[in-house]
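Here are my notes on the model, set out as numbered points to be read alongside the coordinates.

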Amino acid sequence: MPTKYDLAIIGSGGGAFAAAIRATTLGKSVVMIERGTLGGTCVNTGCVPSKALIAAADTRHVAADASGRFPGIAATAETVDMPALIAGKQALVESLRGEKYADVADSYGWQVRRGDASFAGGPDAPVLEIIAGDGTVETIEADHFLVATGSRPWAPPIDGLEETGYLTSTTAMELAEVPESLLVLGGGYVALEQAQLFARLGSQVTLLVRSRLASKEEPEVSKALQEAFADEGIRVVRRVVPTRVSRGTGGEAVVTADVSGDSQEFRAEQVLVALGRRPVTDGLNLDAVGVKTGDSGEVVVSDRLRSSNPRIWAAGDVTGHPEFVYVAAHHGTLVAENAFADADRAVDYSRLPRVTFTGPAIGAVGMTEKEVLAAGIRCDCRVLPLHHVPRALVNRDTRGFIKIVVNADTNEILGLTAVAKDAGELAAAGVHVLGKTVAEIADAWAPYLTMAEGIRIATKAFTTDPSLLSCCA
């Protein structure tokens, strides 16, 4: 006989866990189905391992760079012991998976099933069929279902790519040795982080970009980051459209590409493809229960995260919404409350912060200048170079800027973008700055010698030349 629950969740990442926690606290019975490793992308192959390796690479880079930045300091960066580095990363992943996922599920007491899930039963009476590893099948009924299966790295159909072989952001973090040279295809946050990570570990990196770096952010971001990459020996080639990938006579990877109308070849030991991700919905049999999907396979949802079947919801990357684990977690909680607490909550991304963990980092929240103008709002903005920020001066790292975009008619702050060390912290502060006026922030308290003080200085730049400001006045 089928087993009946209030909520059946496919997946075990951030969105799944947030939904399970909230539904359980509301007194509902929950079952979670996972066909792979518990914890989803973030802890296993995404945020945690990548940022752990980025932090390690940054430490090596600081050692190599210290002599030039700080008088009286001498340091060296030795060759990387990649197996030891990867083992340390994996130990951290396994520790967090146990503490933040397996132990949490045990504490709340919901059921976890292992196996492949697919829908059956039709749109009016959906059920889940779970095929375990030993081939046994279990049927699960539920009042509500949540699809939280995430996304995976995607590669376009470039001639010869599959036959030649390539790295993704997942497989690159399992390498046993640092590639002597690396071609990175892409200009988004994954490509930028991975390119700099391997450059700082010792690879000779070439980044092949179709338009510009971080093309969805302010154009000043692209310029600042390209300059920073050039200083670190990372070659950036723009207006590149790869047409073929093959192996050279020496075993190296060869990418043939159209570059501004000319055919060129690029060679390296390895190729890393970072051209986006796609939702994981294959095998779920969504058509059978009337769940619509989009062109990339994403589950089409309303702003309440309900699919075209009123009993089936979706959360996280599988919706095609912004690919951040904190978005997935927000989705999961929202779904549980809409389904079981008579809430009517909609997703609102107007204050969603976004961070790229390069060095310097990219942090942003709210609208860009282009978006403000496209919305028909009269725009005013200031770009504050970091040499006006005392924290950047004492860090001896003035690469980057803080940009504030405002409504010229109301002086309300509509967007903030920063390229700086700890720019993510500036984006987090910016969440609470949006909607306030320039004058309110210029007159607010800000601790001296913090990077966040730069936000206050940037607002003062609307009325005063920042070169005429004293250090703390």
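1. In this predicted model, three strands form an open sheet in the order E11-E12-E13, and their pairing is antiparallel. The edge positions are taken by strand E11 (240–247) and strand E13 (262–268), each of which has a single partner strand, so one side of each is left without a neighbour in the sheet. From one strand to the next, the twist averages 25°.

2. Within this sheet, strand E12, which covers residues 253–259, pairs with E13 in the antiparallel sense over 7 bridges. As a point of register that can be checked directly in the display, Val255 stands opposite Phe266 in E13.

3. Helix H4 runs over residues 82–108, and its 27 residues reach 38 Å from the first C-alpha to the last, which is close to the 39 Å expected at 1.5 Å a residue. The helix nevertheless has a kink of about 35°, centred on Gly98. After H4 comes Gly109, whose phi is positive, near 90°.

4. The buried residues of H4 are Met82, Ile86, Lys89, Val93, Arg97, Tyr101, Val104 and Ala105. An α-helix has 3.6 residues a turn, so residues three or four places apart point the same way. The buried residues of H4 pack against several elements, namely helix H1 (14–25), helix H2 (40–44), helix H3 (47–69), strand E3 (111–114) and helix H7 (189–201).

5. An unreviewed UniProt entry places the feature "binding site" at Gly186, Gly187, Gly188, Tyr189, Val190, Ala191, Leu192, Glu193 and Gly276. Although these positions are spread over 91 residues of sequence, they cluster in space, with a largest C-alpha distance of 13.3 Å.

6. Is Gly186, one of the annotated positions, buried or exposed? Gly186 lies in the loop between strand E8 (181–185) and H7, and it counts as buried because its relative accessibility is 3%, where the cut-off for buried is under 20%. Leaving aside neighbours within four places in sequence, Gly186 is in contact with Ala191, Leu207, Leu208, Val209, Ala274 and Leu275.

7. Gly187, also among the positions in the record, is found in the loop between E8 and H7. With a relative accessible area of 14%, Gly187 is buried. When residues up to four places away in sequence are not counted, Gly187 touches Leu192, Val209, Arg212, Leu213 and Ala214. Val209 is therefore a contact of Gly186 as well as of Gly187.

Notes:
Residues are numbered from 1 along each chain as its sequence is written. This is a predicted model: local features need pLDDT of at least 70, side-chain atom pairs count only at pLDDT 80 or more; totals for chains, interfaces and linings use all residues. Side-chain values use heavy atoms; hydrogens and water are left out. Two strands pair if DSSP finds at least two bridges between them. Helices (H or I, at least four residues) and strands (E, at least two) are DSSP runs, numbered from the N terminus. Axes are lines fitted to C-alpha atoms, for helices over the stretch in contact, and angles run from 0 to 180 degrees between N-to-C directions. The expected span of a helix is 1.5 Å times one less than its number of residues. The bend at a residue is the angle between axes fitted to the seven residues ending there and the seven starting there. Buried means under 20% relative accessible area, exposed over 50%, partly exposed in between (1.4 Å probe, protein chains only). Contact means heavy atoms within 4.5 Å. UniProt positions are given in the numbering used here, feature names are shortened, and annotations may be inferred rather than shown by experiment.
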